[in-house]
Amino acid sequence: MKSVDEALLDVKEELFSLPLIQEYLHVKSQIENDEYLVKLDKEVREHQKKMCENVQNDEVYLKEKTLFETKDNKLKDNPLYQNYLSLKEEVVALLEQIKDSLQ
């Protein structure tokens, strides 16, 4: 009988061999190596953080919100990023199915 650790390694290997997971990891790697997308993602997060920090200051909050929305829209309009988000949803759904079958 296999140990739990061995079974988990088998499941991990099986998951990583699936075309969906391979494509997701490939696209994720492309994004992580795309200077423009990395910079844009960082800017989105910075403006989001500033919005949270200035929730009581309408002037700063609204300025940061506008900048956040502009950068976020640019990020979400990028075809590679759109593909990543779509693949991510599929991976999460697959992991949910696996989780449900284990319960």
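Student: What makes Tyr 24 and Tyr 84 count as buried?

Tutor: Both residues carry that label. Buried means under 20% relative accessible area, exposed means over 50%, and partly exposed lies in between (1.4 Å probe, protein chains only). So Tyr 24 and Tyr 84 each fall under 20%.

Student: How do you know what the numbers rest on?

Tutor: This is a predicted model: local features need pLDDT of at least 70, side-chain atom pairs count only at pLDDT 80 or more, and totals for chains, interfaces and linings use all residues. Residues are numbered from 1 along each chain as its sequence is written, and side-chain values use heavy atoms, with hydrogens and water left out.

Student: Why is Ser 17 called partly exposed?

Tutor: Its relative accessibility is 39%. That value falls between the two cut-offs, so Ser 17 is partly exposed. Ser 17 sits in helix H1 (residues 4–17). A helix here is a DSSP run of H or I, at least four residues, numbered from the N terminus.

Student: And what makes Asp 41 partly exposed?

Tutor: The value for Asp 41 is 22%. That is over 20% and not over 50%, so the label is partly exposed. Asp 41 belongs to helix H3 (residues 35–53). The C-alpha atoms of Asp 41 and Lys 76 are 9.9 Å apart, with their positions 35 residues apart along the chain.

Student: How many aromatic pairs does a search of the whole structure find?

Tutor: Two. Rings of Phe, Tyr and Trp (its six-membered ring) pair if their centres lie within 6.5 Å; planes under 30 degrees apart are stacked, over 60 edge-to-face, and the rest tilted.

Student: Why is the pair of Tyr 24 and Tyr 84 called stacked?

Tutor: The centres are 5.6 Å apart and the planes differ by 20°. That is within 6.5 Å and under 30 degrees, so the pair is stacked. Tyr 24 lies in helix H2 (residues 19–32) and Tyr 84 in helix H5, so the pair ties together parts 60 residues apart in sequence.

Student: Why is the pair of Tyr 81 and Tyr 84 called tilted?

Tutor: Here the centres are 5.8 Å apart, with 40° between the planes. That angle is neither under 30 nor over 60, so the pair is tilted. Both residues lie in H5, three residues apart, about one turn of the helix. Tyr 24, Tyr 81 and Tyr 84 form one aromatic cluster.

Student: What makes H4 roughly perpendicular to H5?

Tutor: The axes of H4 (residues 58–77) and H5 (residues 79–102) come within 5 Å and cross at roughly 80°. Axes are lines fitted to C-alpha atoms, for helices over the stretch in contact, and angles run from 0 to 180 degrees between N-to-C directions. Under 35 degrees is roughly parallel, over 145 roughly antiparallel, 65 to 115 roughly perpendicular, the rest oblique. The crossing falls in the 65 to 115 band, so H4 is roughly perpendicular to H5.

Student: Which residues make the contact of H4 with H5?

Tutor: Leu 75, Lys 76 and Asp 77 of H4, with Pro 79, Tyr 81 and Gln 82 of H5. Contact means heavy atoms within 4.5 Å.

Student: How do you know that Lys 12 lies over the face of Phe 16?

Tutor: A charge sits over a ring if NZ of Lys or CZ of Arg is within 6 Å of the ring centre and within 35 degrees of the ring normal. Lys 12 is at 5.9 Å from the ring centre of Phe 16. So the distance meets the 6 Å limit.

Conventions
Helices (H or I, at least four residues) and strands (E, at least two) are DSSP runs, numbered from the N terminus.
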